[in-house]
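Please look over the sequence and the structure shown below before reading on, and keep them at hand while you follow the text.

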Amino acid sequence: MVRKAVKDAKRIVIKIGTTSITYPSGNINLRKMEGLARIISDLQNSGKEVVLVSSGAIGAGMDRMGFMQKPQELKEKQATAAVGQAILMQLYQKFFGEYNQSIAQILLTADVFGSKIKRTNTFNTFDTLFKFGVVPIVNENDAISTEEIQEECFGDNDTLSAMVAVLVNADLLMILSDVEGLYDCNPVKNPDAKLITYVEKMTEDLVSVAETTDSKVGTGGMITKLLASKITSRKGIHTILAGSKDLNKIYDILEGKEVGTFIK
Ligand SMILES: Nc1ncnc2c1ncn2[C@@H]1O[C@H](COP(=O)(O)OP(=O)(O)O)[C@@H](O)[C@H]1O
Ligand SMILES: N[C@@H](CCC(=O)OP(=O)(O)O)C(=O)O
């Protein structure tokens, strides 16, 4: 029933993780990026306003530089992200361009959210892009911002997507990943894991079933997705955690169907 609220969502933040837009080999999953561009362009045509928060800069950079593992040194990670971010935007430009959908790149750093002036300026940019019908594509500015890619810091694009959802007064945050939603235990390790379809309130018990990730490219795993949903819930924004395997499910979600995990 509560999923009906999703049907009315006009302004939507969609976050896609590295594991979704790369193959396990590390190569870029062009079909996934292309599908995402087609569906988002179609949603725009239907009158929705979509922000895409896309990870994958480090993954795409690793692919281009021929790295099999994430570089260990911070400066190497940053350089890899700088290479990869340009590749990501080149591909998005191509795929969105096929549907005549304009896109914009917004690279954010954590300090933006802590400063009223920067927040206002950033909001004004988003708002103007919405007015022009442009899809903003957001990532952290990894080349200069150490918070996100340094191991000992707790920054990631799940949290970033929630902060963007709050900043732009979104109606819905959709976090797409390689798993279909929140399970009662890590489904990658437990084949019997059960999908939790509805969360009224994020409790400590639920957070405790979430683990990080064993992926070579993902950051934060399920923990950061749940923490992100806490940020949005506080502002009355619903979050859906769903799988990216079949991107057409984005339509089902927006029709109020029971897909993934709905977090009130
Ligand atoms: N309780 C859980 N339910 C679902 N996924 C979980 C859970 N605990 C840990 N995970 C892990 O979270 C991973 C998704 O996070 P991550 O690898 O960071 O993806 P992304 O790149 O999409 O952000 C899954 O592959 C899974 O291994
Ligand atoms: N900003 C980084 C991604 C960080 C991140 O949170 O990654 P992910 O867990 O794949 O969403 C990048 O573009 O590589």
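The report that follows takes up the two ligands in turn and then turns to two pairs of helices.

This is a predicted model, and every distance, area and angle given here was computed from it.

**Ligand 2**

Ligand 2 is surrounded by 14 residues, and the closest of them are Lys 15, Thr 18, Ser 55, Asp 142 and Thr 219. Sorted by class, this shell is made up of 2 nonpolar, 8 polar and 4 charged residues. Two of the closest residues make polar contacts through their side chains: an N or O atom in the side chain of Thr 18 is 2.6 Å from an oxygen atom of ligand 2, and a polar side-chain atom of Ser 55 also lies 2.6 Å from an oxygen atom of this ligand. Ala 57, in contrast, takes part through its backbone, where an N or O atom lies 2.9 Å from an oxygen atom of ligand 2. On its own ligand 2 has 380 Å² of accessible area, of which the protein covers 97%.

**Ligand 1**

Around ligand 1 there are 26 residues, and Asp 178, Val 209, Glu 211, Thr 213 and Lys 225 are the closest. By class, the shell of ligand 1 holds 10 nonpolar, 12 polar and 4 charged residues. Thr 18, which has already appeared beside ligand 2, also has a polar backbone atom 3.3 Å from an oxygen atom of ligand 1. Thr 19 and Asn 186 reach ligand 1 with their side chains, for a polar side-chain atom of Thr 19 lies 3.0 Å from an oxygen atom of the ligand, and a polar side-chain atom of Asn 186 lies 3.0 Å from one as well. The protein covers 98% of the 580 Å² of accessible area that ligand 1 has on its own.

Which elements give two or more residues to the shell around ligand 1? They are α2 (18-21), β5 (172-177) and α11, and the largest share, 3 residues, comes from α11.

The contacts described above are collected here.

| Residue | Part of residue | Ligand | Distance |
|---|---|---|---|
| Thr 18 | side chain | ligand 2 | 2.6 Å |
| Ser 55 | side chain | ligand 2 | 2.6 Å |
| Ala 57 | backbone | ligand 2 | 2.9 Å |
| Thr 18 | backbone | ligand 1 | 3.3 Å |
| Thr 19 | side chain | ligand 1 | 3.0 Å |
| Asn 186 | side chain | ligand 1 | 3.0 Å |

**Helix pairs**

Helix α11 (residues 221-234) also takes part in a helix pair, since its axis and that of helix α9 (residues 157-167) come within 8 Å and cross at roughly 15°. Because angles under 35 degrees count as roughly parallel, α9 is roughly parallel to α11. The crossing in which α9 passes α11 is right-handed.

In the second pair, the axes of helix α3 (residues 30-45) and helix α5 (residues 74-97) come within 9 Å and cross at roughly 50°, and α3 and α5 are therefore oblique to each other. The crossing of α3 and α5 is right-handed.

Terms used. Residues numbered from 1 in each chain as written. Chains lettered and ligands numbered in written order. Predicted model: local features only at pLDDT ≥ 70, side-chain atom pairs only at ≥ 80, totals over all residues. Heavy atoms only, no water. Near = heavy atom within 4 Å. Polar contact = N/O pair within 3.5 Å; in protein donor to acceptor, adjacent residues only side chain to side chain. Areas by Shrake-Rupley, 256 points an atom, 1.4 Å probe, with all protein chains shown as cover. Nonpolar A, V, L, I, M, F, W, Y, C, P; charged D, E, K, R; others polar. Axes fitted to C-alpha atoms, helices over the stretch in contact; angles between N-to-C directions. Helix = DSSP H or I, 4+ residues; strand = E, 2+ residues; numbered from the N terminus. Parallel < 35°, antiparallel > 145°, perpendicular 65-115°, else oblique. Left-handed = near helix turned anticlockwise from the far one by under 90°.
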